[in-house]
Amino acid sequence: METINNKTTISRAKSESSKLYAFSKRTIDIAGSIIGILLTAPIMVVILLAFLTEEKKGSVLFKQVRAGKNGERFHIYKFRSMAVDAEERLKSDKALYKKYVENNYKLEPSDDPRITKLGAFLRKTSLDELPQLFNVLKGDMSLVGPRPVVEKELVEYGNRVDKFLSVKPGVTGYWQVSGRSDVVYPERVDVELYYVDNQSLILDIKLLVLTVWTVLIRKGAY
């Protein structure tokens with residue numbers, strides 16, 4: 001009987017700890033996204049003005065459906081870094097599209113016909129990600145977590161996809177500070193799931209600090 005009671009106590013303690021972490025994380029997300037939006041508002045205005053000089057500019061915001069927590073779909077926000085006919089440009093070249101898929105859904109900027117001149121700068125500096133602060137404020141994303149992927153990439157996670165989708169995706173995370181685009185599948189799966197298995201406020205804070213350094217040195221950004 002005592003063993004059962006001990007297990008129950010431990011289970012309750014873990015549950016309470018999990019609830020406290022979830023509450024603290026959401027509080028930090030709300031505060032952090034609001035502060036981030038206010039601090040970067042001048043930068044976003046400058047990007048908007050620069051965007052107005054682009055040809056065939058389309059909308060300044062790019063929206064794409066990504067897989068969120070528990071598989072729920074949401075629109076991720078970015079500053080547009082690609083031409084309005086980006087998908088047509090990519091898929092019209094079968095060899096290039098094959099290279100894109102085989103290269104973990106990435107292309108070097110010099111090979112990618114979709115990226116605009118302004119877009120290349122925004123990607124290199126990670127400024128295209130700023131609108132995701134609104135995703136965080138809405139609750140679609142967290143400041144820290146696995147990066148959200150498009151549906152076709154979920155196959156890369158195999159039988160561990162449920163674990164990957166068990167937490168909110170993040171603006172930054174363990175993959176971001178581990179090399180970002182330089183870390184490809186299947187290694188990326190282990191990197192992303194490391195965060196899921198070890199998430200904590202201390203790790204979140206550590207990753208946020210490391211992200212600042214990663215952005216400054218532009219590691220893996222393209």
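**Aromatic pairs and internal cavities**

The structure holds 4 aromatic pairs. One of them joins Tyr-157 and Phe-164 in a stacked arrangement, with 4.0 Å centre to centre and 20 degrees between the planes. The model is a predicted one. Tyr-157 is buried, because its relative accessibility is 2% and the cut-off for burial is under 20%. Phe-164 is likewise buried, at 4%.

Tyr-157 also pairs with Tyr-185. Their ring centres lie 5.8 Å apart and their planes stand at 85 degrees, so this pair is edge-to-face. The contact links distant parts of the chain, 28 residues apart. Tyr-157 belongs to the loop between β3 and α6 (161-164), and Tyr-185 to the loop between α7 (174-177) and α8 (187-198). Tyr-185 is buried at 8% relative accessibility. Ring pairs thus connect Tyr-157, Phe-164 and Tyr-185 into a cluster.

Tyr-185 also lines the second largest cavity, together with Asn-104, Lys-106, Trp-175, Ser-181, Val-183, Val-184 and Arg-188. This cavity has a volume of about 50 Å³. Its lining comprises 4 nonpolar, 2 polar and 2 charged residues. Within this lining, Arg-188 places its charged end over the ring of Trp-175, 3.8 Å from the ring centre.

In total, the model contains 3 cavities of 30 Å³ or more. The largest has a volume of about 60 Å³. Its lining is drawn from α1 (2-51), β3 (142-144) and α9 (201-217), each of which supplies at least two residues. α9 gives the largest share, with 4 residues. The lining divides into 6 nonpolar and 3 charged residues, with no polar ones. Among them are Lys-25, Asp-29 and Asp-204, along with Leu-143 and Val-144.

How values were computed: Residues are numbered from 1 along each chain as its sequence is written. This is a predicted model: local features need pLDDT of at least 70, side-chain atom pairs count only at pLDDT 80 or more; totals for chains, interfaces and linings use all residues. Side-chain values use heavy atoms; hydrogens and water are left out. On a 1 Å grid over the protein atoms alone, a cavity is a set of points where a 1.4 Å probe fits but cannot get out, and a pocket is an open set with protein on both sides within 12 Å along at least five of seven lines; lining residues have an atom within 4 Å of a point. Grid points are joined across faces, edges and corners, and a volume is the space filled by probe spheres set on the points. Ala, Val, Leu, Ile, Met, Phe, Trp, Tyr, Cys and Pro count as nonpolar, Asp, Glu, Lys and Arg as charged, and the others, Gly among them, as polar. Rings of Phe, Tyr and Trp (its six-membered ring) pair if their centres lie within 6.5 Å; planes under 30 degrees apart count as stacked, over 60 as edge-to-face and the rest as tilted. Buried means under 20% relative accessible area, exposed over 50%, partly exposed in between (1.4 Å probe, protein chains only). A charge sits over a ring if NZ of Lys or CZ of Arg is within 6 Å of the ring centre and within 35 degrees of the ring normal.
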